[in-house]
Amino acid sequence: MAAPLNSCRHILVKQLLQPFSRSKAVASYQSARWLHLQEYQSKMLMKEHEIDVQNFEVVDNHWDAKHVPERLKASEYVIKAQILAGGRGKGTFSNGFKGGVKLTKNTNEIEGLVENMVGHRLVTKQTPPNGVLVKKVMVAEALDIARETYLAILLDRSYSGPVIVGSSQGGMDIEEVAEKNPDAIFKEPIDIMEGLSPEVARRVAKKLGFTGKQAESASEQVQKLYKMFIDVDATQIEINPFAETPCGRVLCFDAKINFDDNAQYRQKDIFAMDDLSELDPREREAEEHHLNYIGLEGNIGCLVNGAGLAMATMDIIKLHGGEPANFLDVGGGVTEKQVYEAFHILTADVHVKSILINVFGGIVNCETMANGIIKAYSDAHMNVPMVVRLEGQNATSALKILKDSGLNIITASDMADAAEKVVATLPKS
């Protein structure tokens with residue numbers, strides 16, 4: 001789905017620089033596989049690790065939903081459409097039904113609520129304009145919350161290992177807490193070899209503000225969360241809120257989990273749950289070819305190697321009055337075939353009126369890029385202008401390859417020259 005440039009840049013900067021980032025972004029210059037789990041899948045993983053979450057069931061039709069209350073036996077229920085995008089509660093379905101999150105105490109209403117969600121497209125502030133098809137709905141017990149806290153376990157380079165990040169102020173964006181009241185956030189480093197001791201877990205529970213039996217329950221949950229963190233090769237588990245109910249239960253109400261894509265070979269069951277159905281088709285195609293792609297709203301297609309260079313390229317296009325159509329990082333180990341597939345993704349976007357290729361040949365061989373460009377240009381019968389800037393390994397010989405091809409490819413001497421030339425090729429409005 002398309003995203004504004006400033007939104008894309010914000011995502012990238014958060015992922016690369018901030019310790020509590022939780023959004024999808026480009027964090028590797030080589031191929032990366034981004035795991036997309038639905039809410040119910042994250043909660044299933046937590047239940048498997050004996051972590052306390054709300055009781056719930058998942059249904060894909062309204063007939064099955066009718067019988068869920070017979071098993072859950074809750075006093076109140078929350079019915080939640082399962083899509084990856086946020087803003088479900090304020091969304092609208094293609095059939096006119098409003099709200100992808102509903103509360104009810106009347107068990108007779110559950111079947112009708114599910115019927116209005118499953119099989120219909122839900123439009124929120126984070127979905128494409130035509131919304132996302134809802135295939136599953138989670139029916140869970142609704143619980144009152146007496147107090148909310150924030151808890152995360154993540155890998156932190158500054159500590160060379162796992163760190164627990166917590167705050168007694170939960171239920172809101174941790175970035176907002178960090179900005180307004182940084183003293184409300186604490187960090188508890190964990191020795192990766194020794195693991196999380198009961199003493200440290202109790203200290204975390206105390207810092208979160210739990211007392212009495214709730215403190216003991218919270219410390220047990222913290223230990224189980226850390227065990228899960230290790231067992232599933234997570235890079236981050238964020239619980240917000242990590243809360244207690246009026247009756248004293250301590251539960252994980254919402255979870256965001258990031259996984260180490262390098263551990264895919266030993267976490268096959270988890271990676272098999274990956275839900276790619278909601279991705280922009282271009283993003284899905286990019287993942288299949290180990291490319292990093294994010295669609296934007298401009299008309300200049302960008303093909304770059306390296307996340308930092310890609311951001312700089314988008315910035316300089318903007319500086320010269322253009323609008324990037326995408327973020328596309330082919331990585332350092334790019335092959336001619338990947339270059340070809342990258343062009344296929346770019347040219348499939350009807351909004352792309354010009355293409356800028358900006359490559360620094362550090363790991364990548366510029367001749368590889370040149371040969372891939374020529375093959376893609378010829379096979380795709382390209383009819384949009386293309387500007388190429390190559391620098392680094394074999395750049396001189398690569399530029400000669402492009403020149404000798406006889407194709408209508410514009411070369412540039414530096415980034416500013418490339419940006420100026422590609423903006424100049426756009427159709428005059």
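I'll begin with one residue, F210, which is buried, with a relative accessible area of 3%. Keep in mind that what you have in front of you is a predicted model.

Where does F210 lie? F210 is in the loop between helix 7, residues 198–207, and helix 8, residues 212–231. The ring of F210 pairs with the ring of F242: the centres are 5.6 Å apart and the planes stand at 65°. The cut-off for edge-to-face is over 60 degrees, so this pair, at 65°, is edge-to-face. F242 belongs to strand 11, residues 234–244, so the pair ties together parts that are 32 residues apart in sequence. F242 is buried as well, with a relative accessible area of 0%.

F210 has another neighbour to mention. The charged end of R147 sits over the ring of F210, 4.6 Å from its centre. A comparable arrangement involves K375 and Y340: the charged end of K375 sits over the ring of Y340, and the distance to the ring centre is 5.4 Å.

Back to ring pairs. A pair of aromatic rings is described by the distance of the centres and the angle of the planes. How many aromatic pairs are there? The count comes to 4. One of them is F93 with F97, where the centres are 5.8 Å apart and the planes are at 45°, so that pair is tilted. F93 and F97 are both buried.

Now strand 11, since F242 took us there. P241 also lies in strand 11. The peptide bond that joins N240 and P241 is cis, with omega about 10°. Most residues other than glycine have a negative phi, and most peptide bonds are trans.

Strand 11 is joined to strand 13 by 5 bridges, and the two run antiparallel. As one example, E238 has K256 in strand 13 as its bridge partner. Which residues of strand 13 are on the covered face, and which on the uncovered one? Strand 13 covers residues 255–259; A255, I257 and F259 make up the covered face, while K256 and N258 make up the uncovered one. The bridge partner of E238, K256, is therefore on the uncovered face of strand 13.

Next, a sheet elsewhere in the chain. Strands of a sheet pair through backbone hydrogen bonds, either parallel or antiparallel. Here 3 strands form an open sheet in the order 3-5-6, with antiparallel pairing. Its edge strands are strand 3, residues 92–93, and strand 6, residues 132–133, each of which pairs on one side only. Strand 5, residues 121–123, pairs with strand 6 in the antiparallel sense over 2 bridges. Within that pairing, R121 stands opposite L133 in strand 6.

Helix 2 comes next. Is helix 2 largely enclosed or exposed? Of its 10 residues, 7 are buried, so helix 2 is largely enclosed by the rest of the structure. The buried ones are E39, Y40, Q41, S42, K43, L45 and M46.

Just after helix 2, E50 takes a positive phi of about 60°, and E50 is not a glycine. E50 is found in the loop between helix 2, residues 39–48, and strand 1, residues 56–59. What is the exposure of E50? E50 is exposed, with a relative accessible area of 57%.

N394 also has a positive phi of about 60° although it is not a glycine. N394 lies in the loop between strand 18, residues 386–392, and helix 14, residues 395–404. N394 counts as partly exposed, at 35% relative accessibility.

I'll finish with the whole protein. There are 15 helices and 19 strands. The C-alpha atoms fill a box of roughly 75 × 50 × 40 Å, taken along the principal axes. For 429 residues, a compact globule would have a radius of gyration near 22 Å; the protein has 25 Å, which agrees.

Of the 429 residues, 51% count as buried. The protein exposes about 20,000 Å², and carbon and sulfur atoms supply 50% of that area. Lastly, contacts: among those between residues at least 6 apart in sequence, 68% join residues at least 24 apart.

Note on methods:
Residues numbered from 1 in each chain as written. Predicted model: local features only at pLDDT ≥ 70, side-chain atom pairs only at ≥ 80, totals over all residues. Heavy atoms only, no water. Phe/Tyr/Trp six-rings, centres within 6.5 Å; stacked < 30°, edge-to-face > 60°. Buried < 20%, exposed > 50% of the residue type's maximum accessible area, 1.4 Å probe, protein only. Helix = DSSP H or I, 4+ residues; strand = E, 2+ residues; numbered from the N terminus. Lys NZ or Arg CZ within 6 Å of the ring centre and 35° of its normal. Pairing = 2+ DSSP bridges. Rg over C-alpha atoms; globule rule 2.2 N^0.38 Å. Contact = heavy atoms within 4.5 Å. Areas by Shrake-Rupley, 256 points an atom, 1.4 Å probe, with all protein chains shown as cover.
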